[in-house]
Every structure is written in structure tokens, then in C-alpha cells.
Amino acid sequence: MQQIFIDNNQIEDNMIKVNGSDANHLVKACRIKTGEKIRVSTSAEESYLCEVASVDNDELTLKVIDDLLTTELPCKISLYQAVPKGDRMETIIEKCTELGVSSIIPVEMKRCVVKLDDKKKAKKVDRYERIAEAAAMQSKRSCIPFICDFMTFDEAVKESTSPDILRLVPYENKNGMEATANALKKLSDYKEVAIFIGPEGGFAPEEIEALKESEIISLGKRILRTDTAAITTVALTMLEVECNT
């Protein structure tokens, strides 16, 4: 079943008009026909089962026929990801969107190899948004994760410092999975979690010091690449949240 995202105000009397790139994709690429079903999610994180009422070259008309349960986690996950080399950020965004993150924030840390000017950062964010939208459609999310502008490390720490936010920080020098299990159990007391993932060269000592009030956890005895660490931590968080709701 195909899925699209719309603004909530596009629904009028249980009917939805779809045009632009979404209509073009559904009509020309997917060859959607009258009577077919489609999943529609709104900016209010509501999801509906709809039926295609009519099709022409540049517009679809959909009829809402049923409400669908949300696929969103009850705990919002914000991923503060150190900017990695190559296309690893794209992999992180795709996979972590599938796993349920609410927002992804590229963070410039001391040991990040990649250095971008403002123009290149803006282009990256545009591409990241497209990847997140495609992954949200594929995984039948009820919303598209928010892709934030690039942040400095200090900005990221400040934004994620709150008594209402549980901050998880996987760190290679922290041994023991028991500490990880105990930290994850605390998720039931929070509605928001911030995950900090370091760069290829790891966190600098002063960065770990700045994060000392966080839950510093282990991901096992092996050293994981930054993209693997991000996906693993989000998956563990998702598992804990899903099992306790």
C-alpha cells in the first residue's frame, strides 16, 4: 500500500485533493487506479485509510474510509549524530527513521573529519529531508522525522539538557551491558530521550566531561562504527519503549 503525507487542512468533508509531486509519483510511477487503497498521514500525526475516488494527470481525489492507529512511539527520540564521512549520515537517517526517531540533528564535534560551509550544510539538510520522507513512507510512519540544521556540540548539549529528557551516550570506554540495561529501564519515566553518537574518532575527553550528567552506556565489548552505533542505540531504545507500552 502506498503512503503519502499531507497537511491536516487538506481534508475537507472526508475528501482529500492530492496534486504536485505526490500526485505525479502515484499516477505516473505507481500507476495508481480508482478504487485502490492508500495510507495518508497528516501534519497532526493522524493516519487514515483512503480510497482513490478519481484520477487525472495531475490530481488525485481520495476518500477517507477509516482511521488507522498511529505507528509513532510514545517516547520521542532525538538523535544527535556527529557528522560522519561519506554517505553514512544518509544510512543513519534512513534506518533510524524506520526505527522511529522523532528528530535527527547533525552535530559538529571536535573529531569530526567532515567540515562544511553554510551553503553545503543547507544542501545536505535538503537531501536529508528527502531521505527521511522516503523512509517514513516506506516504513508507514505517521509523521516524518524533523531534520534539524547543523549544530555545534555546545548547542546540542544545551538543547538536550533538561530534567524531562533522558540523555543516552554510548561510549567505547564504558564497559558493562548491565549499565545499559539499567539505563534503558529508566525510559518508562520519560517522554523524551536524546541519544548522542560520537564521530569516527570517538568523543573528545572534554565532550564526555560535558555529557557526564547523562546515562553513559556500553554497546558491548566491540568497537562499533558511528553509523552502527546510532542504529543499535535507537533499536535498543525502540525495543524497550515498545515492550513497555
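This briefing covers helix packing, two groups of strands and a few individual residues in the structure above. The model is predicted. It contains an open sheet of 6 strands with mixed pairing, and a separate topic below is strand β11, which pairs in the parallel sense with β12 and with β13. Among the helices, α1 packs on the sheet, while α2 and α7 come within 9 Å of each other.

**The open sheet and helix α1**

- The strand order in the sheet of 6 strands is β1-β4-β5-β6-β3-β2.
- β1 and β2 (residues 11-12) form the edges, each pairing on one side only.
- Helix α1 packs on this sheet and touches β1, β3, β4 (37-42), β5 (47-55) and β6 (59-68).
- The direction of α1 makes about 85° with that of β3.

**The β2-β3 connection**

- β2 and β3 (residues 15-19) pair in the antiparallel sense over 2 bridges.
- E12 has M15 in β3 as its bridge partner.
- The loop between β2 and β3 holds D13 and also N14.
- D13 is not a glycine, yet its phi is positive, about 55°.
- With a relative accessible area of 76%, above the 50% cut-off, D13 is exposed.
- N14 likewise has a positive phi without being a glycine, in this case about 65°.
- The relative accessible area of N14 is 47%, so N14 counts as partly exposed.

**Helix α3**

- Helix α3 runs over residues 118-138 and has 21 residues.
- From its first C-alpha to its last, α3 reaches 30 Å, close to the 30 Å expected at 1.5 Å a residue.
- The buried residues in α3 include K121, V125, Y128 and I131, as well as A132, A135, A136 and M137.
- Elements covering the buried residues of α3 include β1 (2-6), α1 (20-29) and α2, together with β8 (103-108) and β9 (146-147).
- After α3 comes K140, with a positive phi near 60°.

**Helices α2 and α7**

- The axes of α2 (residues 88-99) and α7 (residues 226-243) come within 9 Å and cross at roughly 10°.
- The two helices are therefore roughly parallel to each other, the cut-off for that class being an angle under 35 degrees.
- On the α2 side, the contact is made by R88, T91, I92, K95, C96 and L99.
- On the α7 side, the contact is made by T226, D227, A230, I231, V234, A235 and M238.
- Sorted by class, the contact has 8 nonpolar, 2 polar and 3 charged residues.

**D227 in the helix contact**

- D227 is located in helix α7.
- The relative accessibility of D227 is 9%, so D227 counts as buried; the cut-off is under 20%.
- Apart from neighbours within four places in sequence, D227 is in contact with R88 and I92.
- Both R88 and I92 are listed on the α2 side of the contact with α7.

**Strand β11 and its partners**

- Strand β11 covers residues 165-170, and 6 of its 6 residues are buried.
- On one side of β11 the buried residues are I165, R167 and V169.
- On the other side of β11, L166, L168 and P170 are buried, leaving both faces covered.
- In a regular strand the side chains alternate between the two faces of the sheet.
- β11 and β12 pair in the parallel sense over 4 bridges, and R167 has A194 in β12 as its bridge partner.
- β11 and β13 (residues 215-217) also pair in the parallel sense, over 3 bridges.
- Opposite V169 in that pairing stands I216 of β13.

**I195 in strand β12**

- I195 lies in β12, which runs over residues 192-197.
- The relative accessibility of I195 is 0%, so I195 counts as buried.
- Not counting residues up to four places away in sequence, I195 touches I77, S78, L79 and Y80.
- The contacts of I195 also include L168, T233, V234 and T237.
- Of these contacts, L168 is a buried residue of β11, and V234 belongs to the α7 side of the contact with α2.
- I195 and S214 are 19 residues apart along the chain, and their C-alpha atoms are separated by 9.7 Å.

Note on methods: Residues numbered from 1 in each chain as written. Predicted model: local features only at pLDDT ≥ 70, side-chain atom pairs only at ≥ 80, totals over all residues. Heavy atoms only, no water. Axes fitted to C-alpha atoms, helices over the stretch in contact; angles between N-to-C directions. Parallel < 35°, antiparallel > 145°, perpendicular 65-115°, else oblique. Contact = heavy atoms within 4.5 Å. Nonpolar A, V, L, I, M, F, W, Y, C, P; charged D, E, K, R; others polar. Expected span 1.5 Å × (residues − 1). Buried < 20%, exposed > 50% of the residue type's maximum accessible area, 1.4 Å probe, protein only. Pairing = 2+ DSSP bridges.
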